[in-house]
Amino acid sequence: MLLSDLLDSDAVDADGRRVGAVIDVRLEVSGAPRQLLADTVVTGLLVSPHSRFSTWGYERRDEDGPLLIARFQRWLHRGTFLVAWDDVERVDEGRVVFRRGYTARDAALPRAPRER
Amino acid sequence: MTENPDAFQTDAAPPPAGQVLDAHLHVLDRQVLDRDDVPVTTADDLELDGIEVGAPIEPGSPRPTVSAILTGPQLVMRLFGGHAPAARTIRIPWRLVSEVGTVIHLGVAGDALDATWAERWVSRHLIGRIPGGRHAPE
Amino acid sequence: MSKIFAVALGILTAIGGFVDIGDLVTNAVVGSRFGLGLAWVVLVGVVGICIYAQMSGRVAAVSGRATFEIIRERLGPRAGLANLAASFLINLLTVTAEIGGVALALQLATSVAPGWWIPVAAFGVWIVIWRARFKLLENVTGLLGLTLIVFAVALFMLSPDWGQLAGQALQPGPPSDEPVATYWFYAVALFGAAMTPYEVFFFSSGAIEEQWTKQDLAKSRLNVLVGFPLGGLLSLAIAGCAAVVLLPQAIDVTSLSQVVLPVAEAGGKVALAFVIVGILAATFGAALETTLSSGYTLAQYFGWSWGKFRKPAKAARFHLSMIIALLIAVAILATGVDPILVTEYSVVFSAVALPLTYLPILIIANDREYMGDEVNGRAMNFVGQVYLVIILAAAIAAIPLLIVTGAGA
């Protein structure tokens, strides 16, 4: 399956009610160790209840500047939450179904170290 | 994380066991460089292994993994929708990735990859044939 | 001693490199119609390009990533592609205008029709990009372009009524004999001429070509903050000359001959020789920069290997795209279109394209993942956002004004 197929899918709960759109897929480099990196696994899906538009991560990180843009993006993607992969019942075309009683988790990213 | 006081309460996510990346934010559309920092391509899409469309997921089943970076006609597919036939897509297996930061570093030389065939072709058949093409600038 | 020399070289190169065919033509046209009435636009534009170039240079030096890589990453492939298409086409238009400018300058020098010079100019641009080292390319054209100072010299020699010039510059709003829409059209055009997008692609990619470190950043800051404003003064001198000689006689600027007329009047054949050398160097230098920018934008969007620091065989698609861009420019000019007209359109469309490239830079300059501790300070963000608004306003107004005023007729 392609990542682009998952992105922009509708996210629905067990009753078929739409709770948002999948705007990103959370990965973790923590699977079985390989030659270079460990396996990169899918740990969850990020869902935005209000918008499908491109997000620059303002709602998941502490970045504050530039102010106008940060404010706008945070408003656009207010209420974004993370759903663990274990809470995903089924992946259909253009749609992802969550299990009954799934947990909405905090979408915040751990503080990114200085990358170069 | 949200400033809105009436947003629903979210639970904290479990602490990560390794580097955390958001596929769209951190991986997609980033430059892919080879082991000598020579650009190979841009990551146009990712291939995920272990998700079957329409099939219910058993609780406790292994989580899907990222199996490859896709490029080639993939960009056009992403822009306009649709799927390229598997034979046309250019894959860079994820196991060749050595680091993911502001760029994606591969642990191998670019020349060994399918992804650089277009560059090698233009180099050999066009640019390389113009006098001076193989020399560094004065 | 050599350090002072290096600093001076940097500043002088920045001054000489600031002016291109767009600045030459637009400032002369504006001077011949509004006097120095639009001088404030040059001021706003110069401050804008200083901020913009500085930010993109800092991003490139600290993160190692060039402008278009960032545009693709932040805006995504669709918006990025729209951005690429717009930037590339406008760049191509600018390449065409600059090559045309080189041909026109050669015509001034030799009285041989520009049509003959066009392929020569294009070939000259190509061979320099193919073989010359980056630094050499920049320095030679920048220094030779300094001879454009003869415009400032000429202005003094014409003994203008400084009070009248100042009066024009300080006048708030359009003069009574020109329609308001035309005034604002030229304001947008002048703004686009000062804040050319290719300058930023070139500057940020150049930072990576030369592998800038943080020390180089400080040096570049000096070059930009001293060089560009002086370049802006040079633009004003061009407008001033036109204001003093062309405006009173209601001479329209339709070719380079009118642009250099004030200089010839002030200083005769010698001054004319200087100014032709200057125009030749400035437009040739700008042609190099815009052609390289065409290559940079395509290569960075698609993730191709790029850079003059690599041998052409190792950056094959980069060089191929530049060759194709030059061929297209020659083809366009071969249709006999007036390079001055192409120039006038290129500056207006530059204004339209500005927000597309400016916004991602502003965002990444704040991103700690790319910049670590070198993110924008509050002051820079504040000014940056003010300019974002100005740039958006200019971009939105450009096309309607173009249509309403019939390209400033």
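1. What radius of gyration does chain B have, set against that of a compact globule of 138 residues? In this predicted model, chain B has a radius of gyration of 20 Å, whereas a compact globule of 138 residues would have one near 14 Å. The extents of chain B can be read beside that value, since the C-alpha trace of chain B spans about 65 × 35 × 30 Å along its principal axes.

2. The secondary structure of chain B comes to 3 helices and 8 strands, and when these elements are read along the sequence they follow the pattern β-α-β-β-β-β-α-β-β-β-α. Four of the elements deserve a closer description: 4 strands of chain B form an open sheet with mixed pairing, in the order β3-β2-β8-β7. The edges of this sheet are β3 (39-42) and β7 (97-100) of chain B, each of which pairs on one side only, and the twist from one strand to the next averages 25 degrees.

3. Two of the pairings inside that sheet can be given in detail. At one edge, strand β2 (residues 31-33) of chain B runs antiparallel to β3(B) and is joined to it by 3 bridges, with B:P39 in β3(B) as the bridge partner of B:L33. At the other edge, β7(B) runs antiparallel to strand β8 (residues 104-106) of chain B, and here too the count is 3 bridges. In this second pairing B:V100 stands opposite B:I104 in β8(B), and the two strands, β7(B) and β8(B), form a hairpin that has 3 residues between them.

4. Chain A has a secondary structure of 2 helices and 7 strands, arranged along the sequence in the pattern α-β-β-β-α-β-β-β-β. Taken along the principal axes, the C-alpha atoms of chain A fill a box of roughly 40 × 40 × 25 Å.

5. The contact between chains A and B takes 51 residues from chain A and 43 residues from chain B. On the side of chain A that touches chain B, the elements giving two or more residues are α1 (3-6), β2 (18-33), β3 (38-48), β4 (81-84), β5 (88-92) and β7 (105-106) of chain A. Of these, β2(A) gives the most, with 9 residues. Sorted by class, this side of chain A has 24 nonpolar, 9 polar and 18 charged residues.

6. Strand pairing also links these two chains: β2(A) and strand β1 (residues 19-22) of chain B pair in the antiparallel sense over 4 bridges. Within this pairing, A:R26 stands opposite B:D22 in β1(B). The strand of chain A that takes part, β2(A), is thus also the element that gives the most residues to the side of chain A that touches chain B.

7. Chain C has 16 helices and 0 strands. Its radius of gyration is 20 Å, close to the 22 Å that the globule rule gives for 409 residues, so chain C is as compact as a globular protein of that length. Along the principal axes, the C-alpha trace of chain C spans about 55 × 50 × 45 Å.

8. Where chain C meets chain A, 14 residues of chain C are in contact with 11 residues of chain A. The elements that give two or more residues to this side of chain C are α4 (67-110), α14 (339-364), α15 (368-371) and α16 (378-404) of chain C, and α16(C) gives the most, with 3 residues. By class, the side of chain C that touches chain A has 3 nonpolar, 7 polar and 4 charged residues.

9. One helix pair inside chain C can be described through its packing geometry. The axes of helix α2 (residues 21-34) of chain C and helix α11 (residues 214-245) of chain C come within 7 Å and cross at roughly 40 degrees, which means that α2(C) is oblique to α11(C). The crossing of α2(C) and α11(C) is right-handed.

10. At the residue level, α2(C) brings C:D23, C:L24, C:N27, C:A28, C:V30, C:G31 and C:S32 to this contact, and they meet C:S235, C:I238, C:A239, C:G240, C:C241, C:A242 and C:A243 in α11(C). The residues of the contact of α2(C) with α11(C) divide into 8 nonpolar, 5 polar and 1 charged.

How values were computed
Residues numbered from 1 in each chain as written. Chains lettered and ligands numbered in written order. Predicted model: local features only at pLDDT ≥ 70, side-chain atom pairs only at ≥ 80, totals over all residues. Axes fitted to C-alpha atoms, helices over the stretch in contact; angles between N-to-C directions. Parallel < 35°, antiparallel > 145°, perpendicular 65-115°, else oblique. Left-handed = near helix turned anticlockwise from the far one by under 90°. Contact = placed C-beta atoms within 7 Å. Nonpolar A, V, L, I, M, F, W, Y, C, P; charged D, E, K, R; others polar. Pairing = 2+ DSSP bridges. Rg over C-alpha atoms; globule rule 2.2 N^0.38 Å.
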